[in-house]
Amino acid sequence: MFSALYTKCLGYVHSVPLPPCNSSPQFLTFYEYSEESLSWNMHPMPPPPPPISSEHTSPNTSSAKLKILTWNVDAFSKNPDDRLSALLLSLEAHASIAYGRGDICYPDVLLLQEVHPKALPALLAHPLVQMHYLVSDVGGQNGRNNGSVAQSGMLTLVHRSSPLFVPAALYMISLPSHKDRVALVCDLLLRDAAETADGKALQRVRIANVHLDSQKVKPSWRRRRLEIVMEHLQVVGAGIVMGDFHAVSPEDERLSQSLGLEDGWATLHGQDRKNNGHTWGVQKKEALPPGRRDRAASLNLRAARAEVVKCGKTNKTFWSDHCGLWVEFEFKLFKGGP
């Protein structure tokens with residue numbers, strides 16, 4: 001009871017909607033690169049916006065897509081810094097191929113798991129990251145070493161100048177697990193009025209970056225973990241949980257759907273054997289069969305596109321033992337406000 005009350009108070013202090021549950025969040029900050037000081041500095045969060053009316057009168061409607069890429073970048077193989085640098089370099093090539101050379105389109109949000117602390121400086125020094133993204137952790141810079149990488153090996157990058165949204169919050173919640181798993185959660189405030197998949201007014205989109213334990217680890221808290229994350233999505237009305245689900249058991253196939261979430265890949269591709277969405281075990285033979293370990297599940301947001309991003313090599317070593325997963329979520333915008 002006290003924990004739930006504390007969580008409610010935290011939400012009020014930070015102007016962030018939180019569910020009345022026992023998963024008290026730890027609020028973090030995004031960092032942005034300054035070309036003037038040549039350093040990473042705290043990014044100020046915007047003040048809470050006025051509520052959007054549920055009735056839209058603007059005739060100027062358009063379709064918008066939120067593009068998210070998730071990738072487990074493998075903290076345990078050799079040279080994590082070189083491998084991560086090569087992976088980031090590949091993003092521009094992937095964006096060029098996907099959208100045409102004249103309209104390079106980077107992901108709006110990049111969700112990384114298994115980021116080795118030694119790889120973080122290489123990421124922070126990468127021109128693509130410095131120019132385009134806010135990051136959830138800068139390691140020991142600014143005297144802080146308790147960020148998302150140090151605590152969870154996870155990193156969330158959000159586009160710093162999107163015409164679609166501004167970042168509004170960043171926090172972590174602990175999840176029941178055997179390996180101290182967390183969900184790294186960020187909120188995006190849309191610049192224009194919008195509608196969810198079920199026609200409700202949409203202003204805040206919540207995105208949870210996760211790295212879950214396997215179903216085979218007993219006792220399994222997989223369902224409870226997703227229930228906790230879903231409570232945080234429900235309180236804002238729409239959101240996405242995405243990352244390394246470590247889905248290896250038959251029970252995982254419909255876990256998201258059984259909780260009322262939409263499995264983006266399953267919705268778009270069904271049981272297509274050729275386009276199966278496998279992100280692990282496809283580069284070399286592993287102890288377990290290939291599978292769709294990395295997933296995206298959404299609440300009141302529809303997936304419009306989902307594709308596996310192939311993993312390349314640097315110095316004859318794969319960037320990771322996972323491929324990436326790129327998913328785009330579509331919703332309706334009302335330009336000019338409600």
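This is a short chat about strand S13 and two cysteines in a predicted model.

Q: What kind of model is this, and what pLDDT do local features need?
A: The model is predicted: local features need pLDDT of at least 70, side-chain atom pairs count only at pLDDT 80 or more, and totals for chains, interfaces and linings use all residues. Residues are numbered from 1 along each chain as its sequence is written, and side-chain values use heavy atoms, with hydrogens and water left out.

Q: Where is S13, and is it mostly covered or exposed?
A: S13 spans residues 294-299 and is mostly covered, with 6 of its 6 residues buried. Buried means under 20% relative accessible area, exposed over 50%, partly exposed in between (1.4 Å probe, protein chains only). Strands are DSSP runs of E, at least two residues, numbered from the N terminus.

Q: Which residues point which way from S13?
A: Asp294, Ala296 and Ser298 point one way. Arg295, Ala297 and Leu299 point the other way.

Q: How many bridges join S11 to S13?
A: There are 6, and the two strands run antiparallel. S11 covers residues 239-244. Gly243 stands opposite Arg295. Strands pair if DSSP finds at least two bridges between them.

Q: And S12, how many bridges there?
A: S12 (residues 262-263) has 2 bridges to S13, also antiparallel. Asp263 has Ala297 as its bridge partner.

Q: New topic. How many disulfides?
A: The count is 0, where a disulfide is a pair of cysteine sulfur atoms within 2.5 Å.

Q: What is the nearest cysteine sulfur to Cys311?
A: That of Cys323, 5.9 Å away.

Q: Are those cysteines buried or exposed?
A: Cys311 is buried, at 11% relative accessibility. Cys323 is buried too, at 4%.

Note on methods:
Helices (H or I, at least four residues) and strands (E, at least two) are DSSP runs, numbered from the N terminus.
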